[in-house]
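Please look over the sequence and the model below before reading on. The paragraphs that follow go from local backbone features to the overall fold and its interior.

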Amino acid sequence: MNNATVATTVFAVFMVFTVGLGLLAVRGRGGGGGLAEWSVGGRSLGTVFIWVLMAGEGYTSFSYLGAAGWGYNHGAPVLYVIAYMSCGYAIGYVVGPTLWAYARRHGLVGITDMVAHRYNRPWLGTLVAVLATVCLLPYIQLQITGMGVVVSTISYGAISLNWAYFIAFAVTTGFVVVSGLRGSAWVSVLKDVLVIGTLGFLAIYVPLHYFDGYGPFLDRLVAEKPEWLTFTGHGGSGLGGGWFVTTSFLNSLTVVIFPTTVAGYLGARNADALRRNAMLLPFYNVLLFVPMLLGMAAIFVVPGLTGAGSNLALFKLVVDSLPAWAVGLIGVAAALSSIVPMAVFMLVIGTMWGKSVLGAMPRLAGRPDRQKLGAQVVVVVAGALALILTYAAPNTLVRLSLISYEGMAQLVPMVLLGLLWRKLTLWGALSGLVVGGALVCALVFTEHDPVWGVNAGALALVPNVLVALLVSWLGPKPRPADLARPDEEVLARDPGPDEAELSGAPRRA
C-alpha cells in the first residue's frame, strides 16, 4: 500500500473506535438522568476523568498547529499559553469547588443558569447564553478547520479539506449527542494516551534526527535566531512583556469561568476531586513545550513557511521523515485534540440553550428529559452552523474569534464577583458588562490590540469592574420582591456561596 492508504487507514480505524468509545460510555445507563446526566455526567466523575477531560478541553488542535506556528513565527511570546493555563489552574483550586458547591446545592448545570439564579432573572441566563454562544462558535469552527488541515496533511492530500471538515463534524456530533460529557471524558482518555505518547516520541526524535540532539539545536538557535528567544519575539509582533503579563492575567481569570471549564467543574463527584485536579493539571502543560520547541526547530528544516502555512511547521517535519503508519498515528492524536474540545464546546452550547433558553418555556420548565432533547438538537444545529460557515464564510467566525477570550473575560465580574460579593446588583453587573464589552469590540475591531503594549481585554476589564461597583453603590437598589424566589430562599439572604460552599463542603439542612 502507498503512504496515503496506510495513513488514512490508521486514521479511519481510530475514528471508528472513537465513536464506539463515546457510545460505550453510556452503556447500561439507559440514556436516563435527563439534562444533568447528559451535560455534567450526573456529577459523578472522579479525579482521573476530570483530569483527562479538562486537560483534553485545554489541549486543542492549537497545541499541534498554532503553538508550533507561533514558535515558528515569533518564538518566546507563545509561552503565554503555559503561563495563563498554569495560573488559571491555581485560581481554579479555589474557584472550582466554589462553583461546584453552588451549582450542586441549587441543582444548576451551567454558567448561564448560575447567573440567572444568582440575580433571579431567567432572561439574564438567556442573554449570557447568547453571548457565550457567539464566543464559543468560533472555537468550534477553529477545531473543524484545524482537524481538516491535519487530516488532509497526514493523508498526503488523499482526503480533501472539505471532506476532512465534514468528518470532524460527523465524528464529534455522533458521540456527543448520545453520550454527553461522560463520552467526552472517555474519549479524552484515548486522546491523552496518544498525545503523551506521540509528543514524547517527537520531543526525542526530531532534535536527534535533524540536529544530533538538543545541545546542537539550541546552540544553533541562540547563535542564528536569538530574537526568537526574547520579547517581543521575531517579526515585530508587538507582543512584549506588558502584553505577556496582562494577557496571562486576563486569560487565567477568564479560563475559570469559561463555560467549557465550568462544565468540567460541575461534572466532578466532589470538591476534593477538583482540588486534586488543579494540582495535577499543570503537569500536562509540560507537553506544550514540545510543539513550541519543534516549531522553532522547523525554522532550520523547512524555512520560508508563511501565513497559515506556518501552522504546519510540526507536521512538515513529521510527514517528511516518518513512515506512513507513524504519520497516521500522530495525525489521530492531533485530530482527537480537535474532537474532544469541540465536543465540549458543542455540549456546553446545547446545555446553555437547553436549560436557560428552552428550559424557560412553560412546556419545558421542570422537564429535564425534554430539555435534554432540546439541548441535543441545539448541539447538532451549532455544529452544523459552524461547519456551513467553515465552507461558505470562513473569515466570519475567524474575526469573531478575535474577541472570544477577551469578550468572555467581561463576564468575570458578573460571575465571580457576583457570587462572592452579595452587594453587586443586577444593574451594576450589566452596566459593567456593556461598558467592558463595547470597549473590547472597539479596540479589537479597529486593530488596537494590544494597545500601549497591554491586552485590550485586560484594559476593558478595568472600567468594567469600576462601573459595576459604582452602579451597585450609587444606582438603584433591588426591591425585596425582586430578590424573592417563589417557594425558595430569598436571594438577599443567599446571593452567593456561604462558608460551606467556599470550602466545598456539603451543606447540612
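Pro450 sits in the loop that links helix H21 (426–445) to helix H22 (456–474). This is a predicted model, and in it the peptide bond between Asp449 and Pro450 is cis, with omega at about 0 degrees. The loop between H21 and H22 also holds Glu447. Glu447 is not a glycine, yet its phi is positive, at about 60 degrees. With a relative accessible area of 73%, Glu447 is exposed. Both features are worth a look, because most residues other than glycine have a negative phi and most peptide bonds are trans.

Two other loops carry comparable backbone features. Asp212 lies between helix H9 (161–211) and H10. Its phi is near 65 degrees, again a positive value in a residue other than glycine. Is Asp212 buried or exposed? Its relative accessibility is 66%, and the cut-off for exposed is over 50%, so Asp212 counts as exposed. On the other side of H10, the loop between helix H10 (214–224) and helix H11 (241–255) contains Thr232. The peptide bond leading from Phe231 to Thr232 is cis, and its omega is near 15 degrees.

Now the chain as a whole. The protein has 24 helices and zero strands. Of its 509 residues, 58% count as buried. Taking contacts between residues at least 6 apart in sequence, 84% join residues at least 24 apart.

One pair of helices can be followed in detail. Two packed helices are described by the angle between their axes and the distance between the axes. For helix H7 (residues 111–119) and helix H8 (residues 122–154), the axes come within 7 Å and cross at roughly 150 degrees. Angles over 145 degrees count as roughly antiparallel, and H7 and H8 are therefore roughly antiparallel to each other. The crossing of H7 past H8 is right-handed. On the H7 side, the residues in contact are Thr112, Val115, Ala116 and Tyr119, and they meet Pro122, Leu124, Gly125, Val128 and Ala129 of H8. Sorted by class, the contact of H7 with H8 comprises seven nonpolar residues, two polar residues and no charged ones.

The interior comes next. In soluble globular proteins, nonpolar side chains tend to be buried together. The largest nonpolar core of this model has 146 residues. Which residues have the most contacts inside this core? They are Met15, Tyr64, Ile140, Leu202 and Met414. Met15 can serve as an example: leaving aside neighbours within four places in sequence, Met15 is in contact with Met147, Val171, Val332, Ala335, Leu336 and Ile339. Apart from the largest core lies another core, of seven residues, with Ile403, Val440, Val444 and Val451 among them.

Met147 also appears in the surroundings of a serine. Ser338 belongs to helix H16 (residues 324–357). Not counting residues up to four places away in sequence, Ser338 touches Ser61, Gln143, Gly146 and Met147. Its relative accessible area is 0%, and the cut-off for buried is under 20%, so Ser338 is buried. Met147 is thus listed as a contact of Met15 and as a contact of Ser338.

Terms used. Residues are numbered from 1 along each chain as its sequence is written. This is a predicted model: local features need pLDDT of at least 70, side-chain atom pairs count only at pLDDT 80 or more; totals for chains, interfaces and linings use all residues. Side-chain values use heavy atoms; hydrogens and water are left out. A nonpolar core is a set of buried Ala, Val, Leu, Ile, Met, Phe, Trp, Tyr and Cys residues joined through side-chain atoms within 4.5 Å. Buried means under 20% relative accessible area, exposed over 50%, partly exposed in between (1.4 Å probe, protein chains only). Contact means heavy atoms within 4.5 Å. Axes are lines fitted to C-alpha atoms, for helices over the stretch in contact, and angles run from 0 to 180 degrees between N-to-C directions. Helices (H or I, at least four residues) and strands (E, at least two) are DSSP runs, numbered from the N terminus. Angles under 35 degrees count as roughly parallel, over 145 as roughly antiparallel, 65 to 115 as roughly perpendicular and the rest as oblique. A crossing is left-handed if the near helix is turned anticlockwise from the far one by less than a right angle, and right-handed if clockwise. Ala, Val, Leu, Ile, Met, Phe, Trp, Tyr, Cys and Pro count as nonpolar, Asp, Glu, Lys and Arg as charged, and the others, Gly among them, as polar.
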